[in-house]
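Reader: I have a chain open and no idea how to read it. Can we go through it piece by piece?

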Amino acid sequence: MKPLVTKRNNFYPYLLLFVQPVFMASNIIVARGGVEYVPPVSLAFWRWLTVFIILMPFFFEEIFKKKKQFKFEAPKLFFLGLTGCGICGAFPFIAGMSTTMANMGIIYTSSPIFIIFLSVIFFKDKINFSRIIGLILCLSGVLIIICKGDLSYLIYFKITSGDLWMLGAAIGWAIYSIFLINWKSNFSLMARFTLIAFFGAISLFPFYIIEETFFFNTEFNNNFLFWVLFAAISPGIIAFTLYTRVQKYLGASLAGFTLYIFSIYSAIYGILLFEESLLTFHYYGAALVFIGVYLARKAVKSRKVVK
């Protein structure tokens, strides 16, 4: 599927490229604060079930009218729910229990690399030199921020079980991204997202039962309600909807660059909410990220424009 950048909507998609991570990065707030009150799989399950409950009344009529299409698309929708909501929903929360935020950031920013390679392998997506340079600059900028300007940190980088969960999340997001844009659907964007959330909750349900039975018990109180609603709306409905639109206009490879901008916003959230400081390396890292996105943007603009 080709990106839909046109002369008329040239600015709008790139604005979304910077706006979407504002909401996506709020998932860091959930990972750092929410899991203290709600077990990770429980939080992921109730989050996506809540998304489905919120959206279903608005799109029930469309989904009901397209019952035949639903039966045909159900396996694909389940796969998207499993990867986008199940794996990418629960794995980061589980990872946060046994690894550091720095490790999570380094590993999750590998997702755009997986997106590019999988897009080339499965869908013959083209990648040029400008986008490769942009990718390298973005990754370098993120590493500078995460390592606090001291790259020797990478020498002492230790792998934990949480790191493996985060690697799974990065791969899951890459798989979700490329199949989301390349699998055509008869449903509107939001009706499709409603069904993806539904199947995401279904994919999480068995693991939610296991967690409740053998590991943690969920306390249904005000903290539970707050974190589930926050996770469902900000990094859930808003972030996923905007990401789908970014993909529609710019393609899966360039949309993956939102994860690098996501890292910048995560640092800002850390400053605002967790009393972290804004230092010189933050500026250098952010500059490299934005230059990298600009080069990737030029790569897309140089391609044939859809009229």
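Author: Start with one crossing: helix 9 passes helix 10 in a right-handed crossing. A crossing is right-handed if the near helix is turned clockwise from the far one by less than a right angle, and left-handed if anticlockwise. Helices (H or I, at least four residues) and strands (E, at least two) are DSSP runs, numbered from the N terminus.

Reader: Which residues make the contact there?

Author: Leu-189, Met-190 and Phe-193 of helix 9 and Gly-236, Ile-237, Phe-240, Thr-241, Thr-244 and Arg-245 of helix 10 make it. Contact means heavy atoms within 4.5 Å. These residues divide into 5 nonpolar, 3 polar and 1 charged. Ala, Val, Leu, Ile, Met, Phe, Trp, Tyr, Cys and Pro count as nonpolar, Asp, Glu, Lys and Arg as charged, and the others, Gly among them, as polar.

Reader: At what angle do the axes of helix 9 and helix 10 cross?

Author: At roughly 125°, and the axes come within 11 Å; helix 9 covers residues 189-214 and helix 10 residues 222-250. That makes helix 9 oblique to helix 10. Angles under 35 degrees count as roughly parallel, over 145 as roughly antiparallel, 65 to 115 as roughly perpendicular and the rest as oblique. The axes are lines fitted to C-alpha atoms, for helices over the stretch in contact, and angles run from 0 to 180 degrees between N-to-C directions.

Reader: Where do these numbers come from?

Author: This is a predicted model, where local features need pLDDT of at least 70, side-chain atom pairs count only at pLDDT 80 or more, and totals for chains, interfaces and linings use all residues. Residues are numbered from 1 along each chain as its sequence is written, and side-chain values use heavy atoms, with hydrogens and water left out.

Reader: How many helices and strands does the chain come to?

Author: 13 helices and 0 strands. Of its 307 residues, 52% count as buried. Buried means under 20% relative accessible area, exposed over 50%, partly exposed in between (1.4 Å probe, protein chains only). Among contacts with a separation of 6 or more, residues 24 or more positions apart account for 90%.

Reader: What about the loop between helix 9 and helix 10? Which residue lies in it?

Author: Phe-220 is one that lies there. Phe-220 is exposed, with a relative accessible area of 53%. Setting aside neighbours within four places in sequence, Phe-220 is in contact with Trp-46 and Tyr-208. Its C-alpha is 8.7 Å from that of Val-38, although the two are 182 residues apart along the chain.

Reader: Trp-46 is in helix 3, right? What does that helix pack on?

Author: Trp-46 is in helix 3, and is among the residues there that meet helix 10. Helix 3 (residues 40-65) and helix 10 pack at an angle of about 65°, with their axes 8 Å apart. Helix 3 passes helix 10 in a right-handed crossing. The residues of this contact divide into 16 nonpolar, 2 polar and 1 charged.

Reader: And the largest nonpolar core, how many residues has it?

Author: It has 71 residues, and those with the most contacts inside it are Trp-48, Val-51, Tyr-108, Trp-173 and Phe-193. The largest share, 13 residues, comes from helix 10. A nonpolar core is a set of buried Ala, Val, Leu, Ile, Met, Phe, Trp, Tyr and Cys residues joined through side-chain atoms within 4.5 Å.

Reader: What sits 6.0 Å from Trp-173, C-alpha to C-alpha?

Author: Gly-84 does, and the pair is 89 residues apart in sequence. Gly-84 is in helix 4 (residues 67-95). Gly-84 is buried, with a relative accessible area of 0%.

Reader: Is Ala-170 buried or exposed?

Author: Buried, with a relative accessible area of 0%. Ala-170 is in helix 8 (residues 161-182). Cys-88 is 82 residues from Ala-170 in sequence and 7.5 Å from it in space, C-alpha to C-alpha.

Reader: How does helix 6 pass helix 8?

Author: In a right-handed crossing. The axes of helix 6 (residues 111-123) and helix 8 come within 9 Å and cross at roughly 45°. The residues of this contact divide into 13 nonpolar, 4 polar and no charged.

Reader: Last one. Why is helix 2 largely enclosed by the rest of the structure?

Author: Because 7 of the 8 residues of helix 2 (residues 26-33) are buried. Ser-26, Asn-27 and Gly-33 are among them.
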